[in-house]
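This report covers the overall build of one protein chain and then two of its residues. The sequence and structure come first.

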Amino acid sequence: MKEFKLSDYAAGDKIYMENLCVKDCQITGIQQSWIEIQNCKFENVIFNNLYEGECLNIENCEFKNCVFGDTFGGFTVKILLFDNKYINCKFDNVSYDGYMDQSEIQDDVFIDCNFKNIEIKGDVNIMGLEFKGGSIKNFNYTGNTISENYFENMLMQDVFAHALVNYNKMENVTFENVTIKGVDEYNELINCMNEYKFIKDIN
């Protein structure tokens with residue numbers, strides 16, 4: 001698979017992409033510290049990077065049949081994902097570790113996406129997301145908030161979340177070895193198979 005030429009969109013230590021259609025390629029080896037991607041469409045693209053920069057900001061983009069295997073290292077990395085749509089994508093062996101700045105994942109939509117071997121640790125808020133179909137397997141999250149998300153027709157297997165988990169709606173979700181630690185408030189389960197285990201923080 002051909003490599004996408006990121007250098008065409010680089011200016012110094014920054015990459016800026018807007019209104020692009022990117023297909024049938026791979027994006028690897030990102031070195032720039034600041035990345036902004038807006039209003040782009042990606043199809044059949046493989047993302048596999050060890051990113052140790054300052055900020056990744058993706059807004060109002062669509063990803064279809066893409067594969068993500070990125071590692072975000074270093075406490076200084078900030079991730080901002082807003083209003084993106086993912087269709088039939090795979091997230092495998094993705095990890096994030098960052099505590100210096102607050103990261104936000106908000107108002108994204110995931111349709112028939114599969115997550116496996118995901119580890120997120122840091123100052124991270126996950127809010128207002130919509131998941132329809134697909135699965136989440138071997139997912140570990142230690143962050144701030146998982147709030148106001150909607151999960152439908154999914155499998156959650158071997159999931160651990162240590163956070164404030166509230167105001168989420170889960171419909172036709174199958175839970176297998178799912179544990180929430182911290183705060184569990186005002187979550188709604190509809191026609192779900194099994195339940196998750198809750199462990200209250202002890203102050």
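## Burial and surface

A residue is called buried when its relative accessible area is under 20%, and exposed when that area is over 50%. In this predicted model, buried residues make up 45% of the 203 residues in the protein chain.

The surface that the protein chain exposes comes to about 10300 Å². Carbon and sulfur atoms supply 46% of that area.

## Fold and dimensions

The protein chain contains 19 strands and zero helices. Its radius of gyration is 17 Å, close to the 17 Å given by the globule rule for 203 residues, so the chain is as compact as a globular protein of that length. Measured out along the principal axes, the C-alpha trace spans about 50 × 35 × 25 Å.

Among contacts with a separation of 6 or more, 19% are between residues 24 or more positions apart.

## Charges

The protein chain carries 17 positive and 33 negative charges. The mean position of the positive charges and that of the negative charges are 5 Å apart.

## Serine 103

Serine 103 lies in strand β13. Its relative accessibility is 2%, and the residue therefore counts as buried, the limit being under 20%.

The side chain of serine 103 is joined to that of tyrosine 96 by a polar contact of 2.9 Å. Apart from neighbours within four places in sequence, serine 103 is in contact with Val77, Lys78, Ile79, Tyr96, Asp123, Val124 and Asn125. Tyr96 is thus listed among the contacts of serine 103 as well as being its partner in the polar contact.

## Glutamate 104

Strand β13, which runs over residues 90-106, also holds glutamate 104. With a relative accessibility of 12%, glutamate 104 counts as buried, because the value falls under the 20% limit.

A polar contact of 2.3 Å links the side chains of glutamate 104 and glutamine 102. When neighbours within four places in sequence are left aside, glutamate 104 is in contact with Ile79, Leu80, Leu81, Phe82 and Asn125. Ile79 and Asn125 appear in this list and also in that of serine 103.

Between glutamate 104 and cysteine 192 the C-alpha to C-alpha distance is 28 Å, and the two residues are 88 residues apart in sequence.

Definitions and conventions:
Residues are numbered from 1 along each chain as its sequence is written. This is a predicted model: local features need pLDDT of at least 70, side-chain atom pairs count only at pLDDT 80 or more; totals for chains, interfaces and linings use all residues. Side-chain values use heavy atoms; hydrogens and water are left out. Helices (H or I, at least four residues) and strands (E, at least two) are DSSP runs, numbered from the N terminus. The radius of gyration is taken over C-alpha atoms; the globule rule is 2.2 Å times the number of residues to the power 0.38. Buried means under 20% relative accessible area, exposed over 50%, partly exposed in between (1.4 Å probe, protein chains only). Contact means heavy atoms within 4.5 Å. Accessible areas come from the Shrake-Rupley method with a 1.4 Å probe; for residues, only the protein chains shown count as cover. Lys and Arg count as positive and Asp and Glu as negative; His and the chain ends are not counted. The place of a charge is taken as NZ of Lys, CZ of Arg, CG of Asp or CD of Glu. A polar contact is a pair of N or O atoms within 3.5 Å; within protein, one must be able to donate a hydrogen and the other to accept it, and residues adjacent in sequence count only if both atoms are side-chain atoms.
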